[in-house]
Each structure stands twice: as structure tokens, then as C-alpha cells.
Amino acid sequence: MKQKSVLGPVFLIGWLILVAPLYSQEAGNDSTRSAKADSADVLDEAELEKELARQLGLLAGSETDTSATPQQPSAPAISGSVARAGSVLNPRISVIGTFFGSGTGNEAVARTVDIGLSEAEFSFQAYVDPYTKADFFVAFGREREDPFAGPDEEAANLSEYEAELEEGYLTTLALPFSLQIKAGKFLGAFGKLNHLHPHAFNFVDYPRLYINYLGDEGLADRGVSINWLMPNPFDLYQELTLEITSGALGGPAFQGNSKDLLYLLHLKNFFDLNDDTTLEIGLTGMQGPNGIERYRTRIGAVDVTLRWKPLRMNRYKSFEFMLEALLSRYEAGATTISSKALFAFLRYQLGRRWFLGARYDYSEFPDDNQRREKAYSAILSFYTSEFQKVELQYQRGLPAWGDAFNRILLRVVFVMGAHGAHKY
Amino acid sequence: MKSLMIRRMAIMAFTVSGLMTLQGPAVAAKKLFVVTTIPDLASIAEAVGGDHVETFAIAKGYQDPHFVDPKPSYMIKLQKADLFVQVGLDLELGWVPSLLDGARNPNILPGAKGYVDASENVPLLEIPAGDPTQLRAQGDIHVYGNPHYWLDPLRGKIIADNIHRALVRLRPEWKADFNRNLQSFKSKIDRKTREWIERLQPYSGTPIVAFHNSWPYLEERFPFDIVMFIEPKPGIPPTPKHLVRVIKAMKQNNIRVIIIEPYYSKKSAELVAAKTGAVVVELAGSVGAEPGIDDYFDLFEYNINKLIDAFKQAGIQPRATED
């Protein structure tokens with residue numbers, strides 16, 4: 001065990017020694033831009049033409065005659081619209097690779113050391129027309145053992161990559177009353193973490209709360225999501241989301257059946273405490289079938305995120321605190337099992353490229369509140385640039401069954417292409 | 001929990017409404033509400049729009065415009081905006097798309113009437129040649145060219161034209177006012193620019209070192225030369241090896257001034273200065289970077305003053321102005 005837990009840091013140090021001096025690729029925000037961004041409607045006629053086209057529903061993107069720029073005769077035609085040949089009409093494409101290494105002590109897993117590419121995620125994003133936008137995320141991933149679940153020979157020896165549609169949805173852009181509708185398969189509006197892809201997490205593994213209640217990859221179900229930016233006299237950001245999904249992909253707490261659906265309601269409240277500090281408080285309620293006859297599971301959850309990042313030196317210093325907690329009521333015939341789970345995460349930025357984090361996990365199980373899992377993690381992250389990060393995580397796990405174990409996880413996430421901004 | 005939240009909301013409500021100073025839709029019913037990504041664009045929009053506009057800039061002047069957090073509260077501003085103006089050229093790629101997606105305001109989306117890409121018709125510098133997919137190997141390179149073009153006052157006139165077109169498009173009935181404002185903005189720029197160039201003329205050709213490549217447009221307009229950067233490649237933090245090279249070059253060529261943006265750590269620049277006896281001067285990258293830089297004219301006034309002070313402090317002798 002001792003030997004194995006040393007592997008992780010060895011990976012990281014080796015990686016840093018090999019690659020750190022070469023890190024000269026930090027870089028900016030280059031990528032394809034919306035082709036319809038810069039039409040130069042200089043002449044009134046051109047404007048009129050556009051206006052008419054818009055009225056006729058022919059839209060907006062049609063480039064007006066850019067040669068007609070009498071107001072700026074001195075300006076050469078090298079304005080913003082220098083397009084990448086051939087890619088103008090393609091969606092925005094990016095590939096995100098995740099390299100993974102782990103060393104696990106005890107006999108918690110069959111494969112105590114593991115290394116390799118764990119996932120390649122392809123994303124495609126574009127406006128469909130003036131009214132909608134589409135996003136697709138396809139991942140090729142390799143399943144791994146979960147040390148909390150005990151050794152799993154089959155998973156340990158899987159070496160094939162399986163393709164999966166992580167998300168694929170259409171979003172409306174122009175509905176009245178600040179409404180927005182999303183339809184397809186998407187990451188549900190549960191808590192704070194769920195709508196992020198795991199490569200964007202500031203730790204390597206999913207918190208136990210997610211794995212034990214919503215599934216190995218969080219709540220990613222197919223259906224419809226309607227959200228409403230609630231107008232209020234204080235100009236506060238309050239967003240109410242209602243999701244109706246199949247329930248088939250809802251994870252351990254839910255099992256879809258053909259007669260019931262999963263309903264989720266999320267209220268997001270966002271406050272600017274001052275220029276440098278923000279607070280987000282989210283409330284989630286959900287209910288859906290749990291696979292036992294016609295019974296249901298109900299979950300109530302709260303998420304709190306506090307962020308501090310001074311505007312002036314925003315690349316050097318920051319602090320983040322995140323807490324998510326849930327209560328679950330799982331109906332099983334005559335009895336209802338109440339259980340709970342939570343995780344808390346802290347992250348402090350040490351310097352421009354270094355972050356130190358800590359996470360605590362506590363989780364019961366939807367159908368068993370007598371057993372619990374706990375985990376303590378410490379995470380060190382190094383950002384080589386905006387497009388690559390290296391994370392090293394130590395974790396002490398106290399599984400519900402079996403002995404406590406120690407493990408070291410290493411992850412390198414790298415991005416190619418124009419990956420859109422993540423939500424704040 | 002609930003009562004705490006309500007209390008927080010109430011506190012926030014006061015703060016927010018205090019800060020907003022009447023930008024709500026009720027008051028904005030007549031004025032156009034213009035949201036811009038950086039304060040410089042807001043200042044130009046104010047100059048052209050005059051009393052007909054109310055502006056809000058998302059980034060602060062002392063903030064790195066490449067890295068702004070897309071806070072949901074900005075979506076509320078964008079939701080109410082009549083006009084949205086961005087620098088473009090992918091400068092804001094990391095934060096504007098998600099704000100626009102969340103704002104649910106189709107009137108300000110790219111291509112719509114209330115959208116302005118201020119880079120339109122602006123002649124750009126440093127458009128990289130070669131295969132764009134290989135560019136990240138060069139560091140923080142912008143595919144479309146260097147995006148800091150607002151740091152040339154004459155290009156500011158083109159920005160003003162772009163905003164003017166959009167304002168007229170939205171409120172043709174105020175066209176005469178917008179035209180008048182635009183003309184007076186342009187002639188003031190012309191007058192002031194001549195003045196600024198004259199003041200720097202005695203130091204024409206003075207070589208200086210910059211921290212990051214934010215200043216090519218300022219350098220092109222005004223008579224000084226940026227010969228080296230403290231960053232080894234744009235966006236890459238300085239390495240000791242590169243600093244040694246910079247120090248050597250500065251000593252050999254007698255370079256005595258280093259300029260830096262307010263949002264970068266001054267540590268490495270000061271280190272180099274200590275080794276070479278150079279003066280480190282913090283220039284403003286945007287309106288609002290320092291107190292007193294309240295509009296687009298103040299921005300250049302401040303930077304020119306700072307540069308001249310630095311040249312004097314570094315003991316650079318002004319030359320006769322006949323060249």
C-alpha cells in the first residue's frame with residue numbers, strides 16, 4: 001500500500017519535470033466567431049434591406065455589402081471578419097482530453113494502479129437559427145472501478161472506450177417573458193455541480209452525494225427544461241427552473257418506469273456582495289419513480305457557493321467555498337427511508353497557477369440510512385495555461401462496506417479548439 | 001435559512017439599487033440603455049449618445065478584459081440593454097457568450113439591431129499569418145489580430161462611428177443629436193491627439209520594455225518604441241531565463257523604462273528594474289483604471305503624462321523637436 005500511494009506524486013512530479021519548462025502555451029480567446037457577427041449596415045438602404053429581411057423571417061445573419069463603407073474610406077477591409085477558410089459555417093468544435101492515473105491502497109479495488117486516457121469529450125456548439133442554439137457533447141470514456149463499491153474485476157479489466165452522448169439539446173433564445181426552454185438530453189439543474197462536466201470540477205472524482213443518489217455521471221436525463229429569469233424590482237438574479245425528464249437516467253435514487261416521470265424544480269439566487277465577492281444559494285426539489293412498483297423518491301437539496309476574487313488582480317488570488325446537502329425520502333412499500341448526504345469544498349489560490357483545495361464527503365444511501373460513506377480529500381492543482389491543468393488528489397475513503405483506504409488520483413485535462421465559457 | 005436569505009436579499013436590494021442609480025426600465029424608457037464590455041466603449045457611447053444614453057460597462061478599468069467572470073448579475077444588465085457593444089476579435093470569448101446566452105435578450109445578439117462589434121472597419125495590427133490551429137503554441141495569440149485597438153485615439157473615432165450607426169438605427173429620431181455629438185467627439189480627438197503627439201515628440205524613438213503586448217496601437221500612434229516584453233510569450237508568466245535576456249538587452253541598449261498594466265503582478269518588472277536601474281510605470285489600459293480617468297480623453301492624458309514623467313525620472317534627455 002505504501003508503495004502504491006507514492007505513485008501519484010511520482011506521476012505529478014514526473015509530469016511537471018518533463019513538461020513544466022515547455023509550458024509556453026497559455027493563450028487567449030481565439031476561435032471561430034459567429035459568422036453573422038459583423039455585418040456593416042452603413043447605408044440606410046442596407047439597413048432597410050436587413051430590416052425587411054428580418055421582418056420576412058429571413059434573418060439577420062445575411063451579410064450586408066461590406067464594400068459600402070463610405071464613412072471610413074481609409075480603413076482597409078481587414079476588420080473583424082477575417083474568417084477561417086472552410087470553417088465559417090461549422091459549429092464551434094472542441095476536444096477535451098482527460099488523462100488519468102490512480103494508485104489505491106488496501107484491497108479496495110482489483111486494479112490498484114491505473115493509468116491512461118480516461119475520456120475524450122467532443123463538443124459542437126452553434127446557433128441553429130435566430131431563435132435557437134444547439135449544443136452536443138459526445139464522450140468516449142473508459143469505465144473505472146469505484147473503490148467505495150469494492151473490487152470489481154470486470155470494470156478493472158475493461159479497456160474499451162465507449163461512446164456516449166453526454167448532452168445534446170436545443171436552447172431557445174427569443175422567448176418572451178425571460179423564458180428559456182431546453183429540450184433534449186442534458187445535465188439537470190440539480191445543485192451547483194451537476195450542470196458542469198467533470199473535467200471542469202476542481203477535484204478529480206465526483207462527490208459521493210452525486211454517485212450514491214444521482215449516478216456515476218450526475219443527473220443527465222432526457223426531457224425538457226423550462227427556466228424563467230424572475231423579474232424583481234431589485235434586479236437580483238433569480239432563476240426558476242422546471243425540468244421534466246424520463247427518470248430513466250436518474251441514478252440510484254430513481255428508476256424510470258413507463259408510467260411516471262422525474263420532476264425537478266430549482267431556484268437559483270445570485271448575490272453580488274461586493275465587487276469581489278459573490279454568493280449563490282440554490283434550492284432544489286425533485287421527485288420521480290424509484291423502480292419499486294409505483295413508488296417514488298423525493299429529494300430536497302440546498303447548495304451554497306461563496307466566491308471571492310479581487311477584480312484588480314483576478315488571476316493571482318481567489319477563494320471559493322461550496323456546500324451541497326440533500327435529504328431524500330425513498331418510498332419502499334409500507335416504509336419510507338429517509339437519508340442524507342453532503343459535501344463541502346474549499347479552494348484557495350496560492351498564486352497565478354497554483355490552487356489548494358480540500359473536500360469532505362458524507363453520504364448515506366437512498367435505500368439504506370444505516371450505512372454511510374465518508375471521504376477526506378486534499379487537492380493540489382496547477383494550471384499550465386487556460387487550456388491545461390494538472391490535478392493531484394489525495395483521498396482517504398471510509399466506505400460503507402470494507403476497510404478504509406487511501407488513494408492518490410492524478411488528472412490532466414487539456415482542451416483543443418474553442419471551448420465555450422463555463423457558467424459562473 | 002429562509003429568513004437569512006430574505007435579509008440578504010433586502011440588503012442586496014439596497015446596495016444594488018444604490019449602485020444602479022436609476023438604470024431601471026422605468027427610467028430608461030426614454031434613454032437608451034447601452035451595455036459595453038469595457039469602460040472605454042461606454043465612454044465613447046456616452047460621447048456619441050449624449051443625454052440620450054445611459055451606460056454600463058461590465059469590466060472595470062483595472063480588470064484584465066481577457067478574464068472577466070460571467071457573473072449572472074451581468075445577465076440582468078444585458079437583459080435590459082437596448083444596445084450591447086463589445087471589443088470583438090475574441091477578446092471577450094471567455095465570458096461574453098455565456099452572458100448573452102443567459103440574458104434572454106434577442107435584440108442584442110450578434111447580428112441583431114442592438115449589437116455592435118466595435119472592431120468593425122478598424123484596421124488591425126498583428127494579424128497572425130499561418131495555420132490558426134497552430135497559434136496557441138505562440139502563447140496568447142488572437143487569430144484576428146491584436147484586440148487592444150481602443151488604445152489608439154484615432155481608431156477611437158472608428159469605434160464612435162460604429163456606435164453612432166447603431167444608435168441611429170435604434171433611434172433615427174435623434175439622428176441630428178447623434179451626428180452633432182459624433183462630430184464634436186471626432187474633432188476633439190483630432191485636436192487632442194495632435195497635442196499628445198507633440199508633447200511626446202521630444203522623446204521620439206525612446207525604446208521601452210512592456211510587460212504584456214497590450215500596447216501596439218498606442219505605440220503606433222505615439223512616438224516611442226516598445227522593443228521587448230517581460231513575458232516570454234503573450235500570456236506566459238516570465239521565466240528567469242527570459243528575464244536574464246531582457247536585463248541584458250536593456251543594459252546593452254540603455255533601455256530605462258518598463259510599462260505594465262494595472263492587472264499584472266509587478267514583481268518581475270520590479271526585479272528587472274532593480275537590476276537595470278529602469279523605471280517601472282503603470283499605464284492605464286482602460287478608462288477607470290485609476291481614479292481620475294473618467295473618460296476616453298482622460299485615458300490618453302493620463303498615459304501621456306505618466307510616460308513623460310517616467311522618461312524624465314529615468315533621466316532621458318528631451319531632444320529638439322525638429323525631427
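Two strands are taken to pair when DSSP finds at least two bridges between them, and with that rule in hand the predicted model shown here can be entered through a run of paired strands in chain A. Strand β8 (residues 262–272) of chain A and strand β9 (residues 277–289) of chain A run antiparallel and are joined by 10 bridges. Within this pairing, Lys268(A) has Gly282(A) of β9(A) as its bridge partner, and the two strands make up a hairpin in which four residues lie between β8(A) and β9(A).

On from there, β9(A) also pairs with strand β10 (residues 296–308) of chain A, again in the antiparallel sense, over 13 bridges. Here Gly288(A) is the residue that stands opposite Thr297(A) of β10(A). The hairpin of β9(A) and β10(A) has six residues between its strands, and in it Gly291(A) takes a positive phi near 95 degrees.

These strands belong to a chain whose secondary structure comes to five helices and 16 strands. Chain A has 424 residues, of which 38% count as buried, and if one considers the contacts in chain A between residues at least 6 apart in sequence, 61% of them join residues at least 24 apart. One example of residues separated in sequence is offered by Ile181(A), which is found in strand β5 (residues 179–187) of chain A: its C-alpha lies 4.5 Å from that of Ile226(A), although the two are 45 residues apart in sequence. Once neighbours within four places in sequence are left aside, Ile181(A) is in contact with Thr172(A), Leu175(A), Val224(A), Ser225(A) and Ile226(A). Ile181(A) nevertheless counts as partly exposed, because it has 14 C-beta neighbours inside 10 Å, whereas 20 or more would be needed for a residue to be buried.

Chain B can be approached through its parallel strands. Four of them form an open sheet in the order β2-β1-β3-β4 (chain B), with parallel pairing. The edges are taken by β2 (53–57) and β4 (115–117) of chain B, each of which has a single partner strand, so that one side of each is left without a neighbour in the sheet. On average, and with direction ignored, neighbouring strands of this sheet are turned by 20 degrees against each other. At the β4(B) edge, the partner is strand β3 (residues 83–86) of chain B, which pairs with β4(B) in the parallel sense over three bridges; one residue pair in this arrangement is Val85(B) with its bridge partner Val116(B) in β4(B).

Helices of chain B also pack against one another. Helix α3 (residues 39–49) of chain B meets helix α7 (residues 175–200) of chain B at an angle of about 125 degrees, with the axes 7 Å apart, and α3(B) is therefore oblique to α7(B). On the α3(B) side the contact is made by Ala47(B), Val48(B) and Gly49(B), and on the α7(B) side by Phe178(B), Asn181(B), Leu182(B) and Phe185(B).

Val48(B) leads on to the largest nonpolar core, which has 96 residues; together with Val34(B), Leu78(B), Ile163(B), Ile258(B) and Ile259(B), Val48(B) touches the most other members. This core draws at least three residues from each of domain 1 (13–194) and domain 2 (199–313) of chain B. Apart from this core lies another, of 34 residues, which includes Phe254(A), Leu262(A), Phe343(A) and Leu410(A). As for Ile259(B), its contacts beyond four places in sequence are with Ile208(B), Ala210(B), Phe211(B), Trp215(B), Val281(B) and Leu283(B).

Methods: Residues numbered from 1 in each chain as written. Chains lettered and ligands numbered in written order. Predicted model: local features only at pLDDT ≥ 70, side-chain atom pairs only at ≥ 80, totals over all residues. Core = buried A, V, L, I, M, F, W, Y, C linked by C-beta atoms within 7 Å. Buried ≥ 20, exposed ≤ 12 C-beta atoms within 10 Å, placed from the backbone. Domains from an automatic or database assignment. Contact = placed C-beta atoms within 7 Å. Axes fitted to C-alpha atoms, helices over the stretch in contact; angles between N-to-C directions. Parallel < 35°, antiparallel > 145°, perpendicular 65-115°, else oblique.
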